[in-house]
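Q: Could you take me through the place where the two chains meet, and then follow the threads that lead away from there? I'm new to this, so plain talk is welcome.

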Amino acid sequence: MADNFDKTRAIDKAEAEQKARQFLTFTVDHEEYGVDIMTVREIKGWTETTRLPNAPEFMRGVMNLRGLIIPIFDMRTRLHLGMTEATAKHVVIILAVGERNIGILVDAVSDILDVSADQIKPAPTVDTQVDAGFISGLISLESRMVVLLAVEHLFDMQHIEKAIAEAA
Amino acid sequence: MLNFMTEAKEDKAALATMHSALGYVEYDLTGHIIGMNQVYLDAMGYRLEEVLGKHQSILIDPVYAASAEYKRSLERQLKGDIVTSEGKRIGKNGKEVWFQVVYAPVFDANKKLKKIAAYLCIAGQIAAIQKSQAVIEFNMEGAVLNANPNFLNALGYTLDEIMGKHHSMFVDPAYRASIEYSEFWAKLNRGEYQAAEYKRIGKGGKEVWIQASYNPILDLSGKPFKVVKYATDTTKQKMQNADHAAQIAAIGKAQAVISFNMDGTVIDANPNFLNALGYTLEEIRGKHHSLFVDPAYRNSVDYKQFWENLNRGEYQAAEYKRIGKGGKEVWIQASYNPIMDLNGKPFKVVKYATDVTQMVVTRIENEMGMNEAVKVLTGVAAGNLTEKMTLDYKGTFADIKKAVNATVDRLYDMVKNIIVAAQSVNSAASEIASGSTDLSQRTEEQASSLEETAASMEEITGTVKQNSSNAANANELSGKANQVASDGGKVVEDAVSAMGSIEKSSQKISDIIGVIDEIAFQTNLLALNAAVEAARAGDAGKGFAVVASEVRSLAGRSASASKEIKTLINESAQQVRTGATLVNQAGDTLKNIVSSVKQVSTIVSEIARASQEQANGIDEINTAITQMDEVTQQNAALVEENTAAAQSMVEQAQSLERLMSFFTLNEQEEGMVAHSNIVAMDAGRKPVASARSAVKSASSVGNKPKPTASHHAAAAHASAKAVPKENANYDKEWKEF
């Protein structure tokens, strides 16, 4: 992590300010994924959620975050990798998607990556577990690959809204 | 005695005799004395002149004279009754004399009472008669009225026993039933006096001979009213006469008796004589004595001399040879006794003879037999048992021959039996001696075994004591082990407890690390949030982002460290758990050890107790062995005595055989006896002396067993050498038969 931190510091500051973007990376089932840090509202440990009826399978329920009802989605389920056995060590990342905040349940938060634009590669068509529509790009580091997710495409928000409304 | 008064026909001499024996007085009807004889005067001390014309009462006791009885007596006399009385008369100067008196009336021709005559028998005489003679009085029926002590003594009765009984109790039952006896009493009843020698039966059947007179006492009418019997016991004399007669008869029965006139002709001969010589009395009566003698002797001077001697009254006695009828030789032992007449001249010869023919014949045979018997018995005395009496004998010597020969035979058998028995005894004694030796050896072996047993017992005692001691030590050690194991258990428990504490501490540490990890996690999240915020802050947030990054780095290191610690703690906890398990196992093992040690301790205690019991048992065994040892020693002593006795017996038996060799038996018997002797000696050849040596070693019980085998061998050898020598001696002795 320190090495990553050092490397990111080595990037030219000026250029970086123009072109560099920061990504919050996290792991689900040993795969590393990243989201733009600017969409991140908050990172917190797992707490039990309130389950909603008739909700999609990947939706773990809703959470009251300082008065806001926030739906929580299980990334593992959404990635068709089964259901996460959530513990206090699991992490919920609160993201702003459009006008709405959602929480995604991940195994752990890995790093904050400072990445220049040229480092971001377009997503290949068929070599990840995720639908190509969800992937905004790939970051290839020395020994690892970080999948950048397009969160706004990841969940059918209308349906979710409906579910939340019905629950309310 | 008074019956003579009634005998009017008695001659004058008798009357005179009576007057000389009895007192007589007569007086007239007025009682005045008109006559008195000299007997009475002498008894009373008067002279006739002094009493003639005096009243008879001067002679009467005044007391009696005044009595009614006297008056009654006088009245009866005057009435003409015969009155008898006994009473005191007073003589001159008051002399008192007792008389028995009979007053008899004397009548004149007209049968008118003329005077009274009194005969007096001085009572002293009667008393004398009473003292010297047996007197008894009967009534006419024969019943006893009275009897004096002499009579009672002679027949052995008391007066009470015979008073009132009939006279027939004194006579022989045969005589009692006879006519003679009836006649006897009939005569007495007729008043007839009887005197003779009578046989009477005393008390208990005793025969008594008496010279007695039965005197009927008549009353005045001449009728007897009682019988007085005076008797003298002549039994002794009678018996003597009978004895003499019997003796003479006996001589006649036993001896040949013949009587001759002085000229030698036969007067008489008894059957013995006749039988001895085979003649009848008729054949020899009147014949001369020379008929019975050898013709040669008959003509000899000796025979003539023989008769001349007899005629001189000389007694002749010797053993004579006489010739019986048909020339039969008869030997007699005879005495010729000349019988003298009153003038001392022989008038006949009585010869008493005993036929000694048999005796003489026997005597000859006796001499022969005696000689042979002497010969045989001398042989026997010299030990020769082969001689016997062989001649023929009659009479006693046939018996003697039989007896002597039987004696020799019996002695022969006896000697033979004794020899055989002595040999048997010798043989048996040898076997006993041999048995004693065996017994001695066995006793020795027993003693040795006992000693070994005692030694073994000593070892066992040592072992048992060691065992007991070891058991005690083991007991102590097991106690200690028990203690150590118990202590170990406690330590294990402490260890387990410590492990538990460690586990708890590890858990706490683990918890703390969890907290640290949590904090690290939260810190990381906070740092991320800070980084997010910094990123949103743009350039303004860049410094902050650096700090957040540092914080994340620290949180990451903290989380990493806590992870390592957690790993280490887990490992430690794991190891502690393993340790606890091991310690628990050690605890279980220790518990098992304690349990085992307790069992060991129990077993050891039992071993100790058993050892003690063993020790006690061994003590008892030792006592028993001591007793056995004593008994064995006693046995040994007895065996020694036994052996000595057996040896002595062998010697005695041999000595007996030597003694018996004195007797001579015939050849065949000798062979048989000699053979059995050799057999007996073979039995005796066994070593006898070794018994003694064996006993000596046996008696040393308790010492180390000595090697006695060689000792034995030596003894056996010695005795084996000794016995054959003895045996040789015997063989030599036996050859002498």
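**Where chain A meets chain B**

A: Sure. Let's start with a count: between chain A and chain B there are two salt bridges. Keep in mind that this is a predicted model, so everything here is computed from predicted atoms. If salt bridges are new to you, here's the general idea: side chains of opposite charge can pair when their charged atoms come close.

One salt bridge to look up joins A:Asp111 to B:Arg552, with 3.1 Å between the closest N and O atoms. Beyond salt bridges, four residue pairs are in polar contact across the two chains, with both partners at pLDDT 80 or more.

Which elements of chain A give two or more residues to the side that touches chain B? They are helix H1 (2-10), strand S1 (21-28), strand S3 (40-45) and strand S8 (108-115). S3(A) gives the most, with six residues. Sorted by class, that side of chain A has 11 nonpolar, four polar and seven charged residues.

Now for the whole contact. Chain A brings 22 residues to it and chain B brings 16 residues. The area buried between the two chains is about 1,700 Å², and carbon and sulfur atoms give 60% of that.

Next, follow B:Arg552 back into chain B. Setting aside neighbours within four places in sequence, B:Asn524 is in contact with B:Arg552 and with B:Ala555. So the residue that pairs with A:Asp111 also touches B:Asn524. You'll find B:Asn524 in helix H17 (residues 396-537) of chain B. Is B:Asn524 buried or exposed? B:Asn524 is buried, because its relative accessible area is 17% and the cut-off for buried is under 20%.

Let's zoom out to chain B for a moment. Its secondary structure comes to 21 helices and 15 strands. Chain B has 737 residues, and 37% of them count as buried. Its accessible surface comes to about 41,400 Å², with 57% belonging to carbon and sulfur atoms. Take the contacts in chain B between residues at least 6 apart in sequence: 55% of these join residues at least 24 apart.

A salt bridge inside chain B gives you an example of parts being joined across the sequence. B:Glu137 pairs with B:Lys226, and their closest N and O atoms are 3.0 Å apart. B:Glu137 sits in strand S6 (residues 134-139) and B:Lys226 in strand S10 (residues 224-233), so this pair ties together parts that are 89 residues apart in sequence.

Two other salt bridges in chain B are worth a look for how open their residues are. B:Arg190 pairs with B:Glu183 at 3.3 Å between the closest N and O atoms, and B:Glu183 is partly exposed, with 36% relative accessible area. In the other, the side chains of B:Asp392 and B:Lys401 meet at 4.0 Å, N to O. Here B:Asp392 counts as exposed at 69% relative accessibility, whereas B:Lys401 is buried at 18%. Chain A has something to show too: salt bridges that share partners join A:Asp29, A:Arg76 and A:Asp107 into one network. Over all chains, the whole structure has 25 salt bridges.

One more stop in chain B is B:Tyr297, in helix H14 (residues 295-298). B:Tyr297 counts as partly exposed, at 24% relative accessibility. Leaving out residues up to four places away in sequence, B:Tyr297 touches B:Asp302, B:Tyr303, B:Phe306 and B:Arg322. B:Lys321 is 24 residues from B:Tyr297 along the chain, and their C-alpha atoms are separated by 9.9 Å.

Last, hop back to chain A for two backbone oddities. Most residues other than glycine have a negative phi. A:Asn54 is not a glycine, yet its phi is positive, at about 60°. A:Asn54 lies in the loop between S3 and strand S4 (59-65) of chain A, and that S3 is the strand that gives six residues to the side touching chain B. With a relative accessible area of 62%, A:Asn54 is exposed. A:His80 also has a positive phi of about 60° without being a glycine. A:His80 is in the loop between helix H3 (75-78) and strand S6 (91-97) of chain A, and counts as exposed at 69% relative accessibility.

Conventions:
Residues numbered from 1 in each chain as written. Chains lettered and ligands numbered in written order. Predicted model: local features only at pLDDT ≥ 70, side-chain atom pairs only at ≥ 80, totals over all residues. Heavy atoms only, no water. Contact = heavy atoms within 4.5 Å. Buried area = accessible area lost by both parts, 1.4 Å probe. Polar contact = N/O pair within 3.5 Å; in protein donor to acceptor, adjacent residues only side chain to side chain. Helix = DSSP H or I, 4+ residues; strand = E, 2+ residues; numbered from the N terminus. Nonpolar A, V, L, I, M, F, W, Y, C, P; charged D, E, K, R; others polar. Buried < 20%, exposed > 50% of the residue type's maximum accessible area, 1.4 Å probe, protein only. Areas by Shrake-Rupley, 256 points an atom, 1.4 Å probe, with all protein chains shown as cover.
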